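Biologist: Please take one part of this model and go through it closely, residue by residue where that helps. Then follow the chain outward from there, in words a first-year student can use.

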Amino acid sequence: MNWHDDWILDEDTKALHFLQPDLVLFTGDYGNENVQLVKSISDLQFPKAAILGNHDCWRTHQFSEKKVDRVRLQLESLGEQHVGYKCLDFPTIKLSVVGGRPFSCGGDRLFRPKLLSQRYGVDDMAGSARKIYDAAAGAPEEHSVILLAHNGPTGLGSRMDDICGRDWVAGAGDHGDPGLILFTTMFQPPSSYSFLKQLLHMATSADLEQAISNLQRETGVSIPLVVFGHMHKSLAYGGGLRKMIAFGANQTIYLNGAVVPRVKHAGESSAAVISTSRSDGLQGSGSTAPTSRAFTTVDLFDGAVENISEVWVLVSGAGAELEEETVLYKHPREHV
């Protein structure tokens, strides 16, 4: 899930209790180094995994030796739930979440290279791809792997409305990471589980693409889903909407959930909503006005994606209810 300050712990907890997730994945860009919001996310009483995006290191170019900087504070708040270059296992649902490169903003260059070198020993795209590969290769054999990144991989299209397409210039182009939700899962015994994820915006990654390609070619790791954000659903140039799903080799589905802003306030204009979503703190912490909050749900069955929907949950007072659901993908079933 990509937040851009659109997060209130109490309100989003009500929505998540209504949706009943087993796991929540966050795809980064919680604000411009919004430490307070990230601490609030760490207080969420659901199993979760997260990764930091480029806005989460907006002002910090390297770790300070003299003081605790805001990037370090975010990483400390998230603890083991920050999955950058790591594998986090969820045995009850036979799922492992593998994190891509933190701080990514797409394209063929490392963003915040000093942070990556100091924290992870990563100095180039090849090294980044190896870290992702090694993390995924360490997942238990019986687990499916979900890749959680801030930006998607290259190779998914170069049109402006493609899932990782540049939408801020007239010429468009592929802005994926060459080297390579809030997203949640709901367990349904005996062998099905669902992934409910909120994503933000995305751009593509070379290291992510390389890691996925190598994993699928060299190992038996099952990767049914790659989740990311960073590029918004609403296009910046020329209007229109982005394609939020793409299909790759070995039945892997790529999903961008960057519905931004993800909160709609009753009685507010679009301009007011956008302004509120870019505030510097935990917006509206004392507000009781009804809000609609966006999530993307993903259902998996036996390691394959069954259904993907964009849902809006209306939160009002102590209650929450489904306001709208749009099905984005449904697995085709063969007639018996």
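Modeller: S96 sits in strand β4, which covers residues 95-99. The model is a predicted one, and every value below is computed from it. S96 has a relative accessibility of 0%, so S96 counts as buried; the cut-off for that word is under 20%. What does S96 touch, once residues up to four places away in sequence are set aside? One group of contacts is C87, L88 and D89. The others are A139, P140, H143, S144, V145 and I146.

Next comes the loop between β4 and α4, where F103 is found. F103 has a positive phi, near 70 degrees, although F103 is not a glycine. Its relative accessibility is 0%, so F103 counts as buried. R112 belongs to the loop between β4 and α4 as well. The phi of R112 is also positive, near 55 degrees, and R112 too is a residue other than glycine. With a relative accessible area of 10%, R112 is buried, since the cut-off is under 20%.

After the loop, look at helix α4, residues 113-120. Its buried residues are L115, L116 and Y120. Viewed down the axis of α4, these buried residues fall within an arc of 95 degrees, so they line one face of the helix. A general point helps here: an α-helix has 3.6 residues a turn, so residues three or four places apart point the same way. The cover over the buried residues of α4 includes α3 and α5. Just past the end of α4, G121 has a positive phi of about 70 degrees.

Of the two helices named as cover, take α5 now. Helix α5 runs from residue 125 to residue 137 and has 13 residues. From its first C-alpha to its last, α5 reaches 18 Å, close to the 18 Å expected at 1.5 Å a residue. The buried residues in α5 are M125, G127, S128, A129, I132, Y133, A135 and A136.

The other is α3, residues 70-78. Here V71, Q74, L75, S77 and L78 are buried. Down the axis of α3, they fall within an arc of 160 degrees, so they line one face of that helix. These buried residues pack against α2, β2 and α4.

How do α2 and α3 lie relative to each other? Their axes come within 8 Å and cross at roughly 5 degrees. Angles under 35 degrees count as roughly parallel, and α2 and α3 are therefore roughly parallel to each other. On the α2 side, the contact is made by V35, V38, K39, I41 and S42. On the α3 side, R70, L73, Q74, S77 and L78 take part. Sorted by class, the residues of this contact are five nonpolar, three polar and two charged.

S40 is also in α2. S40 has 7% relative accessibility, so S40 counts as buried. S40 and D10 are 30 residues apart along the chain, and their C-alpha atoms are separated by 9.6 Å.

Strand β2, residues 48-50, is another element that the buried residues of α3 pack against. A50 lies in β2. Its relative accessible area is 2%, so A50 is buried. Setting aside neighbours within four places in sequence, A50 is in contact with F26, Y30, L78, Q81, H82, V83 and L148. One of these contacts, L148, is 98 residues from A50 in sequence and 7.9 Å from A50 in space, C-alpha to C-alpha.

Further along the chain, V226 lies in strand β9, residues 222-228. V226 has 0% relative accessibility, so V226 counts as buried. Apart from neighbours within four places in sequence, V226 is in contact with L147, L208, I212, T252, I253, Y254 and L255. V226 and I212 are 14 residues apart in sequence, with 9.3 Å between their C-alpha atoms.

The last stop is the loop between β11 (253-256) and β12 (263-265), where P261 lies. V260 and P261 are joined by a cis peptide bond, with omega at about -5 degrees.

Definitions and conventions. Residues numbered from 1 in each chain as written. Predicted model: local features only at pLDDT ≥ 70, side-chain atom pairs only at ≥ 80, totals over all residues. Heavy atoms only, no water. Axes fitted to C-alpha atoms, helices over the stretch in contact; angles between N-to-C directions. Helix = DSSP H or I, 4+ residues; strand = E, 2+ residues; numbered from the N terminus. Parallel < 35°, antiparallel > 145°, perpendicular 65-115°, else oblique. Contact = heavy atoms within 4.5 Å. Nonpolar A, V, L, I, M, F, W, Y, C, P; charged D, E, K, R; others polar. Expected span 1.5 Å × (residues − 1). Buried < 20%, exposed > 50% of the residue type's maximum accessible area, 1.4 Å probe, protein only. Arc of directions from axis to C-beta.
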